[in-house]
Structure formats: structure tokens, C-alpha cells
Amino acid sequence: IGLQPLEFTDCITDSPSFREKLHQHEKELDKTSQQIKRLVKEVKDLLNAAKNLSKAQRTLSDTLQNFSFECIGTSQTDDELVISKSLAEFGRLIGSIEDERDRMMERTHEQIIIPLERFRKEHIGGVKEGKKKFEKQTAKFCQSQERYLNLSTKKQDAAYLKEADATLDMEERHFFQASLQYVFLLQEVQERKKFEFVETLLSFMFGWLTFYHQGHEVAEDFKPYMKELQFRIQKTRENFNETRDKTESLMKKTLETKLRQTVSNLLIDLEGYLLLMEKKAFGAAWTKQYCTYHRDTKEFIMVPYNQMTGKSNTTERMILASCVRRMSDSIEKRFCFDLTSADRPGIIYTLQALSELDRQQWMDIMDGKEPVSASPSPKTEEWQLDEVGMHFVNKCIEVLESRGLEEQGLYRVVGVSSKVAKLLSMGLDRRKYDKLNLDDTSEWESKTITSALKTYLRNLPEPLLTYRYHSSFISAAKQETLGERVSDVHTLVYRIPQQNISLLDMLIKHLTNVASHADKNLMTISNLGVCFGPTLLRPEEETVAAIMDIKFCNVVVEILIEHYAKVKETL
């Protein structure tokens, strides 16, 4: 099982389990850093110790074969599996030709040592700098929060409290920014090492072979594997670039959502930090608790935990009986409310929220007296999968197949947004759609038509392969053998609505024609999978885990195109 994805939403709650996930990622990164450091040292030994060359080669070969790194997610694509095993292949090659080598490599320092050290310093080192900033902001935020929550309404005037509110908001924003950026850097370097690190070693392998007596023969034998590996690395890099943009966008959305303090998603469960008042002989003490409330079962869970110490004691659970806001004149602390337990009658738990809005959120989900109404979110523009839409897609495909199949970058080159919007407006207008004429190449370029077609598919109420079978298609793409994948995709296609099947048949048949002209348009099946995977199989909820599965969406589209004849049996 690989590393668990770090969700940006977990940065907001900052739960103990989130911190544990962070530690797992940090541990894996430290392991990778140490392995890279060791690898660099061994290559230097080859340069500086010619008389121990044979021994150093064996050591390096063993290190490569034993080198391992974890990838995010529970499953990997064929490309990632080949990449993850490539270091072992390199090691076996080195071992097989060790006895035939007669002189030391040249230019090894520039080919491997500098790039690997740069990877450690720039990428892994950048994550460590992000960790320092994250820990610093954690300390500042927790300290500011403690000072803020200890302010007394009886001893401070309103202006001072307002200033304190603003100060805490700023510290909270800086903390969230540092946390989100740190999580982003962690996941980025974990993904980046799959291609950038291995590609450095791949370049090193090319250089190594040229300095053997029989290097040419060995290189000829190994060249097909290396070319395939280079192709797979490039595909993985493209997947990385696509998922990185989407992940960064999700990160920004997460921060914006928190800053707007939206509560529309807090309808079932709520979790976060609260301070519990514990009565002592000479007053009261307030302890920080990470609390979780499940609305359907009314179960309230408290875990004593402080981000500064990282220590957690026993967990306390209870079934909620009531939630009542504490009047400000009845207690010195602000933002307080009382809870009673159904299974412990007579005991009152006094809790302090982190802000007035935070208290309102807790009272709302606990059916307290101060509910928060959520404002509806604006709807994005959607089109329907109907006769008009089918006609529009068919018209676009007819024009593209008549004049655009050999254009380079078909479906990858983006059209001018204003022209795309105009085409969509005309082509999806029920009063005008049957009169649409796309023959004017100066007005309707191929890139305008392809962009409009993709935009229409992307803005359907649900993707063409449906939300219902989204996880099933992903599972099909994760099957061990190609035969199992094709069979499962074949079965699933048969289950989607008939209208979806009709449009899918039209589209995949067209994409098969596009791929057959890849020598001219450069749009291979793999490239078309990248273009249409996220469009035909977009997730219902955008999460980091869903973004990491985009590569499997691409695999599904590749199967549909490459095995169109078999899949067509159900279309």
C-alpha cells in the first residue's frame, strides 16, 4: 500500500490523523534523500578509486537493485510500474557487463552527481524549508490562539478585542497558507521523483554504455527498453504537469473556501479544536481537545491533543442530549457553549470555540439555538445530452474529419475563447442548430471546433461515462492484465445509458481515426487519453485522491480507442 494522499481540507482541520500522515510522507522523503545521498557517494567512489573500480561497481549495482520509493495511491499505471522497476533493471545491466569494462567513465560528474545533488538540494531541500515555515507558523498560530482565547470580556474594551480578532485572523491565514503550501510541496516532490530522478539515472546509463569495449553491442540490446522507458517517463511527466495544475487549483480553492468561512458542507459531520473547561479546587483549567461530532448518531468525541506537544491521551465519547449557548455575562471566556450527555445525566460540559462563527457552526450541527444558513453556490453553465447536443457533436466531427485529421496538435491546441463561446452559443441554440455552417475555415478553425466539442462534453450535467460508474471504470483501469482491463471496460460501457452509448460510439470512432493519422497530427492514443480522460470521467467531488486518479481516467480512454473494435460489440 502506497502513501495516503494529503487532502488540502485536512490542513484546515489539522487533525491528529493528518499530522500522522504528514509524518509518513516526511519519513519517506527522508528515506529517499538518504538513498540519493548514498547513491551519489558511490558514484564518486567510481571516479576517485580506480583500483577499487570493480568493487564499487558491484556496490552500485546492488544499491540500484535495492532502491525503492513509494508512490501516492494504492495502484500504479503500467508506466509507473515500469519506472519503479527501472532502477533494478539498471543494476542488473551493470552487473552483467562489469567484467568487460576496461576504463573509468568520463563526464560522470556532470551526468549524475550534479543532477542528483540538485534534486536533493532544490526539491527535497525545498520541502524541508517548507516544513520549517510550517512548524514556525504552527507555533505562532497556537501561541496567538491561546493568548486570544484567554482574553477577558470584562477586562478588555471592544476596540482591543476587535484588534485581537484581526491579529488572530492574520495568524490563522498565515498558518493555513504555510500548511497548504507544505502539503503541496510534499506531494509534488513525491510525484516528481518518479520521472525526474529516474530520468537522471537514465541519462547516466546512456553515458555509461559508451565507455565499454562492447558498449555498442550492449546498448543495441538494451536500447528498446530504454526507449520505452523514456516514452513512459514522458507520459508520467505529462500526467504530473496536468495533475499539478489541478492540485494547485484545488489548493487555492480550499484556502478561498476557508477564508470565506462557508459552512454549507457542514451538514453531516463536524470536527475541529475546542477548549474544555475542567473545574479545579482553586478555579478552572482549559484543555485543548480535538472534537468530532456525527450528526446522524449524535456521537460526540473528544481527544485531548495539542499541536505543540503532539501528545494525545484517552478518547472520551458521549451521545449528545442538548447544546446551549453560554451567555457572555455568565462566564469570563468568550464563544462558550454547554453540552449535556444522554448517557451521563447531570454532567455539563462547558466548551470554548475558536471564534463566534466557529461556535455558531458547532451549535448549528448540534441543533443548538443559533443555526447558520448556508447561501447557495452559483451554478456553472451546463448543457444537456439531447438531440441538439448530439447534432452539434456530429457536425463538429464531420467537419474535423473532412479537413482537420492531419493538423498537428488536434485537440491539444486551444482555440480563442470568444470564438469557442460563439460557436457553442450557435450550435446549441434549438432555433438555429440545424442551420449551423462550419465550412468557413477562416471563421471556424479546427482548434475552435475541437475546443468547443471538449467544452460541451466537459459541461454536461454529468460526464459521458457517468458518476455512477466512475469508480468502477477506475478500478477496471487498475486491473493487473490488459485483458482484464479491456474486458471490464467492455462490460461497464454496456451499463451506461443508451444515449450516452450513442454519443460515445460517435466520439471514440472519431478519435480512432484521429489516432490513425498520428504520424502527421502527432496525436497518439496516449495523447488523446490525456485530452479526453478527465473530460469523459470527471469525478463528482474534486479531491487530491481524485486528481491522482486522472492517470487511470486516461487509461480508460486509451482502452476505448485502442480496442474500439471489441468495445464496439456493445455500442
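**Figure 1. Six strands close into a barrel in this predicted model**. Around the barrel the strands follow the order E1-E2-E3-E4-E5-E6, with antiparallel pairing. From one strand to the next, the twist averages 50°. The chain is assigned three domains: domain 1 (21-150 + 157-242), domain 2 (269-366) and domain 3 (387-569). Between the C-alpha centres of domain 2 and domain 3 the distance is 51 Å.

**Figure 2. Strand E2 of the barrel pairs with E1 and with E3.** Strand E1 (residues 269-280) and strand E2 (residues 283-294) run antiparallel and are joined by 12 bridges. One of the residues to look for is Leu274, whose bridge partner in E2 is Gln289. The pairing of E2 with E3 is also antiparallel and has six bridges. Here His294 has Glu299 in E3 as its bridge partner. E2 and E3 form a hairpin, with four residues between the two strands. In that turn, Lys298 has a positive phi of about 60°.

**Figure 3. Strand E3 pairs with strand E4**. Four bridges link strand E3 (residues 299-304) to strand E4 (residues 316-325), in the antiparallel sense. Glu299 is placed opposite Ile319 of E4. Glu299 is also the bridge partner of His294, so that the view can be matched to the preceding one through this residue.

**Figure 4. Helix H9 is capped at its N-terminal end by Asp386**. A side-chain oxygen of Asp386 lies 3.2 Å from the backbone nitrogen of Val388. Helix H9 (residues 387-403) has 17 residues, which at 1.5 Å a residue should span 24 Å. The end C-alpha atoms of H9 are 25 Å apart, in agreement with that expectation. The buried residues of H9 are Val388, Gly389, Met390, Phe392, Val393, Cys396, Ile397, Val399 and Leu400. Among the elements that cover these buried residues are helix H10 (417-427), helix H11 (446-458) and helix H14 (498-516).

**Figure 5. Glu117 lies in helix H5 and is in contact with Val40 and Lys44**. Helix H5 covers residues 108-149. The contacts with Val40 and Lys44 leave aside neighbours of Glu117 within four places in sequence. Glu117 has a relative accessible area of 24% and is therefore partly exposed, since buried would require a value under 20%. Between Glu117 and Thr63 the C-alpha to C-alpha distance is 17 Å, and the two are 54 residues apart in sequence.

**Figure 6. Arg92 is found in helix H4 and is in contact with Ser61 and Gln65**. Helix H4 comprises residues 78-97. Neighbours of Arg92 within four places in sequence are left aside in naming Ser61 and Gln65. The relative accessibility of Arg92 is 43%, so Arg92 counts as partly exposed. Gly283 lies 71 Å from Arg92, C-alpha to C-alpha, and 191 residues away in sequence.

**Figure 7. Thr543 is a buried loop residue**. The loop runs between helix H16 (525-536) and helix H17 (544-548). Thr543 counts as buried because its relative accessibility is 18%, with buried meaning under 20%. A polar atom of the Thr543 side chain lies 3.1 Å from the backbone nitrogen of Ala546. With neighbours within four places in sequence left aside, Thr543 is in contact with Glu7 and Leu250.

Notes
Residues numbered from 1 in each chain as written. Predicted model: local features only at pLDDT ≥ 70, side-chain atom pairs only at ≥ 80, totals over all residues. Heavy atoms only, no water. Buried < 20%, exposed > 50% of the residue type's maximum accessible area, 1.4 Å probe, protein only. Contact = heavy atoms within 4.5 Å. Expected span 1.5 Å × (residues − 1). Polar contact = N/O pair within 3.5 Å; in protein donor to acceptor, adjacent residues only side chain to side chain. Domains from an automatic or database assignment. Pairing = 2+ DSSP bridges. Axes fitted to C-alpha atoms, helices over the stretch in contact; angles between N-to-C directions.
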